[in-house]
Amino acid sequence: MNLNELTIKKANEGLQKKDFSSVELTKACLDKIKKMDDKIKAFITVTEDVALKQAEAADKAGDFSDPLTGIPHAPKDVFCTKDVRSTGASKILDNYVPPFDATSIEKLNQVNGVMVGKVNCDEFAQGGSGENSGYFNTHNPWDLERVPGGSCSGSAAAVASDMCIYSLGTDTGGSIRQPAGFCGITGLKVTYGRVSRYGVMAMASSLDTIGHLAKNVEDAAIVLKHIAGKDKKDSTTPDKPVDDYEKEILKDIKGLKVGLPKEYFIEGMDKEVKETVNAAVKKLEKMGAEIVDISLPYTDKAIAAYYIICPSEVSSNMARYDGIRYGVSEEADNLLDTYLKTRSNNFGAEVKRRIMIGTYALSAGYYDAYYKKAMKIRTLVRNDFDKAFENVDVIVTPTSPTPAFKIGENSSDPLKMYLADVFTVPASLAGICGLNVPAGFVDGLPVGLQILGKRFDESTILKVGYNYEQATEWHKKKPEID
Amino acid sequence: MALTKEEVKHIALLARLGLKDEEIEEYTNQLSSILDYIEQLKEVNTDGVEPTAQVTGLENVMREDEIDSCDNETKDKLIKSAPDSEDDLVKTKSVF
């Protein structure tokens with residue numbers, strides 16, 4: 001096995017036993033990037049020099065007691081990384097080099113993590129396929145003509161094709177879970193407030209979460225332990241204890257109550273995806289879980305509410321990109337034209353679309369009818385989950401209604417693209433946590449199982465994911481890229 | 001919910017987006033169909049339902065009103081990030 005194909009756990013064992021060095025491990029990833037990324041196009045910036053320096057430092061210190069020391073990772077380009085170009089996958093930040101690190105990045109640096117590059121995504125995390133990047137499309141390693149999913153398109157593709165061992169990402173409406181599903185890997189959306197958002201380019205501030213994509217659940221548990229926790233620089237991080245996730249996942253799931261919401265197994269969804277997920281549920285039952293039928297009645301209203309709340313908050317967060325303090329600035333005679341030109345020349349179509357929907361929904365005369373109404377629907381969606389969790393421990397659903405679609409298939413129909421998020425969005429509105437684990441294949445394409453849990457109960461969803469994964473082989477399968 | 005081109009032009013100006021005519025046309029269609037989809041929320045009875053603005057339940061997270069000064073290196077980088085600057089100041093076109 002090549003070193004870059006290892007998991008965090010296995011790589012750490014090798015580093016501790018001195019089977020190989022962090023520099024060797026890092027070079028294996030960098031070589032894979034050189035070999036594969038022409039086809040996959042996951043990376044916006046490859047940071048070979050930075051990576052080798054960090055790897056040398058890890059080797060020199062010689063202490064691999066921390067599992068993330070010396071392990072190559074590649075964060076989504078919306079994470080600010082000190083002195084390393086961070087574009088948010090937008091032309092408007094084409095030349096932006098942050099003078100600071102995001103808190104989550106700083107935490108990885110503190111244990112001598114190794115950053116091999118910044119990966120592609122939908123522009124400012126706005127999209128569900130990766131096709132909205134201001135730079136280029138990323139391709140799904142399982143079928144290069146298909147999307148890897150979005151917005152963490154580069155993260156999912158890079159981890160699935162072993163170009164890095166794990167990748168930090170963001171999930172606002174499904175952006176970690178859905179691409180993890182499309183690429184056959186593990187993706188964790190944390191509870192809102194579990195991980196600091198400081199230093200990550202904001203999209204929708206009441207919905208954004210910082211999470212990660214990894215090769216298996218154990219690795220996901222390891223990363224979460226490192227990045228979770230209260231941060232005084234992010235006042236939306238409550239002071240909740242960080243569990244020992246690595247230990248928690250080893251417990252069994254006998255007697256655990258698993259809710260199956262009928263609204264997620266609808267007519268019109270891909271029959272084989274339904275069968276794959278049902279088979280996964282049967283597996284959980286065999287392992288001792290009790291399956292409970294539940295209902296989340298406001299599921300079908302969640303997407304509509306999300307597509308008011310999200311663009312409204314987006315329109316506010318995108319206001320900072322004005323060509324004044326950072327980023328690209330277009331030449332103009334006066335201030336207004338600076339704004340008009342800079343923003344319209346350098347934002348992509350989806351970002352502009354969301355800014356416009358948001359501006360409309362928040363404008364005078366419309367705020368009550370749209371944003372306030374959507375916030376009330378959000379309460380109803382949240383109550384659905386809170387009520388359900390009184391009777392069940394986790395809720396299990398398909399991650400997406402279909403496997404990965406072809407590049408270009410949905411891109412001319414924004415509404416159709418939005419509807420593909422139907423299973424991931426409600427959990428985002430409720431602020432709860434969710435895990436995607438690979439659950440099978442349909443026509444050679446990965447299908448993901450989504451495991452939703454109560455706020456700050458990442459331990460339970462990771463435990464369910466780990467138990468399921470250990471009883472199956474899906475997570476061991478790798479794409480054959482030519 | 002059909003938007004007129006005039007409404008779209010107005011929104012674009014509020015959002016400081018200088019859109020071309022073809023874009024105005026395209027967005028008018030797309031926005032109208034998205035807003036059509038969202039209309040279904042009007043059917044939902046939300047009487048007595050409190051709006052959810054945030055999910056953490058936290059309130060008034062404060063810190064001491066003390067200056068945490070920035071080191072000179074970072075300060076220089078921040079100023080240099082600006083497309084136009086003069087000494088320690090970010091420069092813009094006149095506001096008035």
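## Two chains and their interface

Buried residues (20 or more other C-beta atoms within 10 Å of their own, C-beta atoms being placed from the backbone) make up 63% of the 482 residues in chain A. This is a predicted model, in which local features need pLDDT of at least 70, side-chain atom pairs count only at pLDDT 80 or more, and totals for chains, interfaces and linings use all residues. Residues are numbered from 1 along each chain as its sequence is written, while chains are lettered from A and ligands numbered from 1 in the order in which they are written.

**The chains**

Chain A has 16 helices and 12 strands. Both kinds of element are DSSP runs numbered from the N terminus: helices are H or I with at least four residues, strands are E with at least two. The radius of gyration of chain A is 21 Å, close to the 23 Å from the globule rule for 482 residues, so chain A is as compact as a globular protein of that length. That radius is taken over C-alpha atoms, and the rule is 2.2 Å times the number of residues to the power 0.38. Contacts count when C-beta atoms, placed from the backbone, lie within 7 Å. In chain A, among contacts between residues at least 6 apart in sequence, 76% join residues at least 24 apart.

Chain B comes to three helices and two strands. From the N terminus on, the order is α-α-α-β-β. Its radius of gyration is 23 Å, where a compact globule of 96 residues would have one near 12 Å. Of the 96 residues of chain B, 15% count as buried.

| Chain | Span of the C-alpha trace along its principal axes |
|---|---|
| Chain A | about 65 × 55 × 45 Å |
| Chain B | about 55 × 45 × 25 Å |

**Where the chains touch**

The interface puts 51 residues of chain A in contact with 41 residues of chain B. On chain A, helix 10 (299-317), helix 11 (335-346), helix 12 (349-362), helix 13 (368-388) and helix 14 (414-419) each supply at least two residues of the side that touches chain B. Helix 13 of chain A gives the largest share of that side, 10 residues. By class, the side has 25 nonpolar, 14 polar and 12 charged residues. Here Ala, Val, Leu, Ile, Met, Phe, Trp, Tyr, Cys and Pro count as nonpolar, Asp, Glu, Lys and Arg as charged, and the others, Gly among them, as polar.

**Helix 12 of chain A and its partners**

Across the interface, helix 12 of chain A packs with helix 2 of chain B at an angle of about 60 degrees, with their axes 11 Å apart. That makes helix 12 of chain A oblique to helix 2 of chain B. Angles under 35 degrees count as roughly parallel, over 145 as roughly antiparallel, 65 to 115 as roughly perpendicular and the rest as oblique. Arg353(A), Met356(A) and Ile357(A) meet Tyr27(B), Gln30(B), Leu31(B) and Ile34(B). These contact residues divide into five nonpolar, one polar and one charged.

Within chain A, helix 10 and helix 12 pack at an angle of about 100 degrees, with their axes 7 Å apart. Helix 10 and helix 12 of chain A are therefore roughly perpendicular to each other. Ile357(A) takes part here too, among the helix 12 residues that meet helix 10 of chain A. The residues of this contact divide into seven nonpolar, four polar and one charged.

**Tyr37(B)**

Tyr37(B) sits in helix 2 (residues 21-38) of chain B. Leaving aside neighbours within four places in sequence, Tyr37(B) is in contact with Ala304(A) and Leu415(A). With 15 other C-beta atoms within 10 Å, Tyr37(B) is partly exposed, a class between buried and exposed, the latter meaning 12 or fewer.

How values were computed. Contact = placed C-beta atoms within 7 Å. Axes fitted to C-alpha atoms, helices over the stretch in contact; angles between N-to-C directions.
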